Amino acid sequence: MRKKIVPSNWMLMIHILRLYKDVNQLIQLMGHDGKDGEVRAILKKIIGRLKVLNILGSNIPWYFLTFLPLDLLISSNDRFDKPRVLKRALLSLRNSLEKMIVGRISYKFLRRKEAYMNFRNPVSSLCVPSSFDEFIPGYVYIPGRKPVLLTASHAAPPASDINTELLSRRVAMRSGAHALISRIPRLYIDPNRLVGRVLPFRRKLDELINTRKIRLIIDLHSMEKRNSNMVEIGIWFGLSTTSSYVEKLIEFFERNNISYEISYRYLGGDIIFYHANKPRINAIQLEISNDIKGRSLRLLSRTLISYVNVVGDINRRGKSC
Amino acid sequence: MWLVISIVGANLAEKIAIKVGVENELFTLNDKGFIIPASKIVVKEIIQDILNKEVDIDLLKNLIYGIQWEPHPAQLEIVTQPLNYVLIERAMRISRQYIADVAERKKIKIYGGSVHPIQSNPFPINGTHISISVFPRKRKGMTRKFLTYIHNNIRRHIPELIALTANSPIIAGNPSGYVSARLVYSRVLRPSNYAVIKRSKTTIIPREKRALLKYAFVFTDKKKYEHKVVANEVGLRFLDVTPRGPFTNIIEDRWSSPKVSRVEARFLDNPSNVDYLMDIIAILIGLSLEAVDKLYRNERIEEPSNLAENRRRAIKDGINATFITNGATRPARECVMEMLQRVQTYLDMLGIKLRTSLAWGVPEIEYYGAPEIISAHNGIMKNIFLGKILMKVQLNGSRHLITIEGEKRRLKEKTRIFGLAFPEYNFEWDEDEHNIVSRFRKIRISYWLLTQHGYVKLMPDDRILIATSPIGKLVRLFNHLCKTMS
């Protein structure tokens, strides 16, 4: 077995911070005419930094794979000749680097979660069971017209998340949001884990973000009742969304007497962690108590419909929430 | 000495009580052989059985202490009551059968191995902990001397026992280079020291918790002393073999009853079936009786001079290792056979016969063989191990590209495609009589390439043109930008 060389935390941090600074500078310089010389110098600096990172440790490629968007990695270089596509890619690269930095230096919870998210090795963490083609496409897509996407990644039985399919369908139909419902049982491949990134469900999610100008992802899950809360909100310590989206959601919950909590238990899974790296994308995970049904469920769906209506309309008019 | 007769030749079963407890960890798998976090589902089903009175609690409670979750959501643990040799087999068979049946209802499989050959990297890891309690029938539990002798005798045979039981050579899809990868990577199997009885003050007790030395204070008379069995100076219980109970310096056991005094062996890889488990238990019983015999004969159990080195060699090479004994090297197999012969004398007195290949010194991993890994394309696997998972491949035949919507498009021969390569696994396994997956026989690996437009299955004769890591890809991208600017 190849021996892993793990660089010390601070060494990796310094290099990532420098890379972040350079990428940021590059983004700022882009679009300014007559600064080609400066841009070229920064590009060379970035290449140098990446080369240093590459020899820093054998686990670094896998560490980068955890954070970088697949779009950036699997697309041909020619695709980035369009300035708009390039800017988008650079912004998502910057967001990913930001998450690496915050993850390394921030709360111990975050570090623990990050350790859980990390690739150890694609052989064991990015592998699929036999007859993978049978799982393609493995999702149902309900098109919408608003820049909000509802996902139900654990909707397929067995061990499905109760009510999530029903809720996402109902909210999507009545509010005009898009909905993406997984048809692959989580006991085969979990779409909300690292391995899920290669699934058509997650690729479709990426495609919708790029083509349908999605601004907000609401990932629906269910949890076992453990207190009086009907809903727990996961926002990855605030890294997955801007505060205004959450404040608005809380406002709607409070108005309709829906008990909620910003969760430190359900921070968000890989969907929230990974897709929120794209520029201007906000992602919120909602854990809905298993025991709500009937009137409470209808109340929750009405609340979500009004929330999507308000948030979606603001975004359609080109303003941020 | 409170019992003067020598054990050898006496009616052992009448004089000595032998109790064994087993903690056996299991994995939950889906029907394709992948680890899945389904222990909660199995436990829920068991709760439902209990509520519906579909399970004979009276029978189970006499045999099993509990079926419980472990920290990893794919792990379950069976814990038996302290039982004799006959009942422990019954307990294990009944509990394993019951768990397998419950899991089957939910289309979940149970796997009894120590590591998953692909998904353990190195965690999650399973183990089997066997607790042995041997004491004179006149007493309620083990005395300090019994604990010390049995611990030291099992400890000095750790290399032989590892050589005989190690069976976890493959982790993360690759031979780890060790016959027991579990023992290399597990964080709770530190080597224990030679156990001694120490007289110390009761007031201040050193203890280690999460690698930090701390102290526990017991507010007794400051002149009060007690005799403790010490195998680790700071009372750590996560050792390869350790004495347990109130007579030890383990703080967690301080207020337990003398009845629970035992020696716990944790260094054993999961045996694949109950027969192998019973043979390992029998060998440990034999070693414990040998220790008791030595105690009665007033013989000292010597500290072996090369224990750590032999232990390391056993973990690395298993039964094919060479041990260092008295300054000379000896094949591990020879040492194992010698141990088995000595142990057999005591087992004959109890009427126990070894029933598996262990009887003739052949470990399970040698008898059944290690899992065979068949990769459809060695070049791809090699690149993946190096972190170069982004590849440009030239197809050596026409192929379908499956889009994310599930549509198929034909790609011509010699088409060049770029994307992320990921493995697809197909497992073949053996099941025991309880339908528990006992070992993986074959692991077939094929590969897919995730491209910008969809999925392409790779074939053995496809040519890899470029393989690069995510950082390499970024370097290429920025180089491209540099060129296009000029």
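**Exercise 1. Contact range and burial in the two chains**

Task: For chain A of this predicted model, find what share of the contacts between residues at least 6 apart in sequence join residues at least 24 apart. Then do the equivalent for chain B, and set out burial and secondary structure for each chain.

Solution:
- Step 1. Take the contacts in chain A between residues at least 6 apart in sequence. Of these, 80% join residues at least 24 apart.
- Step 2. Turn to chain B. With a separation of 6 or more, 71% of the contacts come from residues 24 or more positions apart.
- Step 3. Check burial. In chain A, 46% of the 321 residues are buried. In chain B, 47% of the 486 residues count as buried.
- Step 4. List the elements. Chain A has 12 helices and eight strands. Chain B has 13 helices and 23 strands.
- Step 5. Add the extent of chain B. Along the principal axes, its C-alpha atoms fill a box of roughly 90 × 55 × 50 Å.

**Exercise 2. The domains and the sheet of chain A**

Task: Where do the domains of chain A begin and end? In what order do the seven strands of its open sheet lie?

Solution:
- Step 1. Mark the domains. Domain 1 of chain A covers 9-123, and domain 2 covers 133-316. Their centres, taken over C-alpha atoms, are 27 Å apart.
- Step 2. Trace the sheet. In chain A the order is β2-β4-β3-β5-β8-β6-β7, with mixed pairing.
- Step 3. Find the edges. These are β2 (139-142) and β7 (260-262) of chain A, each paired on one side only.
- Step 4. Gauge the turn. Neighbouring strands are turned by 20° against each other on average, direction ignored.
- Step 5. Inspect one pair. β6(A), residues 231-234, runs parallel to β7(A), and three bridges join them. Within this part of the sheet, Val231(A) stands opposite Tyr260(A) of β7(A).
- Step 6. Place the helix. α9(A) lies across β2, β3 (148-152) and β4 (178-182) of chain A. Its direction is about 170° to that of β4(A).

**Exercise 3. The contact between chains A and B**

Task: Which element of chain A gives the most residues to the side that touches chain B? Which strand of chain B pairs with β1(A)?

Solution:
- Step 1. Count both sides. Chain A brings 51 residues to the contact, and chain B brings 54 residues.
- Step 2. Name the contributors. On the chain A side, elements giving two or more residues are α2 (36-54), α3, α4 (70-74), α7 (122-125), β1 (128-129) and α9 (200-211).
- Step 3. Pick the top one. α2(A) gives the most, with 11 residues.
- Step 4. Sort by class. The chain A side has 32 nonpolar, eight polar and 11 charged residues.
- Step 5. Cross the boundary. β1(A) pairs with β20(B), residues 416-431, in the parallel sense over two bridges. There, Pro129(A) stands opposite Tyr425(B).

**Exercise 4. Two covered helices**

Task: How many residues of α3(A) and of α6(B) are buried?

Solution:
- Step 1. Start with α3(A), residues 60-67. Eight of its eight residues are buried. Among them are Trp62(A), Tyr63(A) and Phe64(A).
- Step 2. Move to α6(B), residues 158-165. Here, too, eight of eight residues are buried. The buried set includes Pro159(B), Glu160(B) and Thr165(B).

**Exercise 5. Nonpolar cores**

Task: Which residues touch the most other members of the largest nonpolar core? Which helix supplies its largest share?

Solution:
- Step 1. Recall the trend. In soluble globular proteins, nonpolar side chains tend to be buried together.
- Step 2. Find the hubs. In the core of 191 residues, Val134(B), Ile281(B) and Leu284(B) touch the most other members.
- Step 3. Find the main source. α8(B), residues 274-296, supplies the largest share, 15 residues.
- Step 4. Follow one hub. Beyond its neighbours within four places in sequence, Ile281(B) contacts Val20(B), Tyr85(B), Ile88(B) and Ile130(B).
- Step 5. Look for another core. A second, separate one has 22 residues, including Leu187(A), Leu29(B), Ala38(B) and Tyr111(B).

**Exercise 6. A hairpin in chain B**

Task: In which sense do β2(B) and β3(B) pair, parallel or antiparallel?

Solution:
- Step 1. Locate the strands. β2(B) spans residues 64-69, and β3(B) spans residues 75-80.
- Step 2. Read the pairing. The two strands are antiparallel, over five bridges.
- Step 3. Join them. The hairpin connects β2(B) to β3(B) through five residues.
- Step 4. Check one bridge. Trp69(B) has Leu76(B) in β3(B) as its partner.

Conventions:
Residues are numbered from 1 along each chain as its sequence is written. Chains are lettered from A and ligands numbered from 1 in the order in which they are written. This is a predicted model: local features need pLDDT of at least 70, side-chain atom pairs count only at pLDDT 80 or more; totals for chains, interfaces and linings use all residues. A residue is buried if 20 or more other C-beta atoms lie within 10 Å of its own, exposed if 12 or fewer, and partly exposed in between; C-beta atoms are placed from the backbone. Helices (H or I, at least four residues) and strands (E, at least two) are DSSP runs, numbered from the N terminus. Two residues are in contact if their C-beta atoms, placed from the backbone, lie within 7 Å. Ala, Val, Leu, Ile, Met, Phe, Trp, Tyr, Cys and Pro count as nonpolar, Asp, Glu, Lys and Arg as charged, and the others, Gly among them, as polar. Two strands pair if DSSP finds at least two bridges between them. Axes are lines fitted to C-alpha atoms, for helices over the stretch in contact, and angles run from 0 to 180 degrees between N-to-C directions. Domain bounds come from an automatic or database domain assignment. A nonpolar core is a set of buried Ala, Val, Leu, Ile, Met, Phe, Trp, Tyr and Cys residues joined through C-beta atoms within 7 Å.
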